[in-house]
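Dear colleague,

I am passing on a structure for your own work, with my notes on it below. Please read them beside the coordinates.

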Amino acid sequence: MASLASSLQSLKISSSPFTHGSTPLSSLSKPISFPNTRKPGLVPAIRAMKTMQGRVVCATNDKTVAVEVVRLAPHPKYKRRVRMKKKYQAHDPDNVFKVGDVVRLEKSRPISKTKSFVALPVLKRNDLGIPMESQQPSPPGEE
């Protein structure tokens, strides 16, 4: 037994803080963390206004129109772009839109259980005040 104890002492295990588990956690090096440059509350988060364009398919309800929005999305299996249709209920406070009108839907606060969009008229290109190329007068001598 004495030979076993003397042989263990002769090995002289290097003194490491981890050999006896006596290292305090505060002395261990902390992982490197990058400083947070963005302070919450100072810069508002950027949220895109959700707008869509569609065609009115039902205008029989008071102050409400049903708008069908068509978008192209890849097919889950075949990856080909297919037309996806979805109907939204939109608020039309003055009942100005009829079936077949093209409207722009803008996200708003929930107006009812199914309505959270407001229907707005779509501006046509010539309503912007920019004359189209076909409407511009041609320069003299180029007729």
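How many bridges join S2 to S3, and do these strands run parallel or antiparallel? There are 11 bridges between S2 and S3, and the two strands run antiparallel; strands here are DSSP runs of E with at least two residues, numbered from the N terminus, and two of them pair if DSSP finds at least two bridges between them.

This is a predicted model, in which local features need pLDDT of at least 70 and side-chain atom pairs count only at pLDDT 80 or more, while totals for chains, interfaces and linings use all residues. Residues are numbered from 1 along each chain as its sequence is written, and side-chain values use heavy atoms, leaving out hydrogens and water.

Five strands form a closed barrel in the order S1-S2-S3-S5-S4, with mixed pairing. Within the barrel, Val70 has Lys85 in S3 as its bridge partner, and in the hairpin of S2 and S3, with six residues between the strands, Lys79 takes a positive phi near 60°. S1 and S2, also antiparallel, are joined by three bridges, and Lys63, in the turn of their hairpin, has a positive phi of about 60°. S4 (residues 102–107) and S5 (residues 115–121) run antiparallel with five bridges, and Val103 stands opposite Pro121 in S5.

The largest nonpolar core (buried Ala, Val, Leu, Ile, Met, Phe, Trp, Tyr and Cys residues joined through side-chain atoms within 4.5 Å, buried being under 20% relative accessible area with a 1.4 Å probe, protein chains only) has 12 residues, among them Val67, Ala90 and Phe117. The largest share of this core, three residues, comes from S2.

Best regards

Conventions
Helices (H or I, at least four residues) and strands (E, at least two) are DSSP runs, numbered from the N terminus. Buried means under 20% relative accessible area, exposed over 50%, partly exposed in between (1.4 Å probe, protein chains only).
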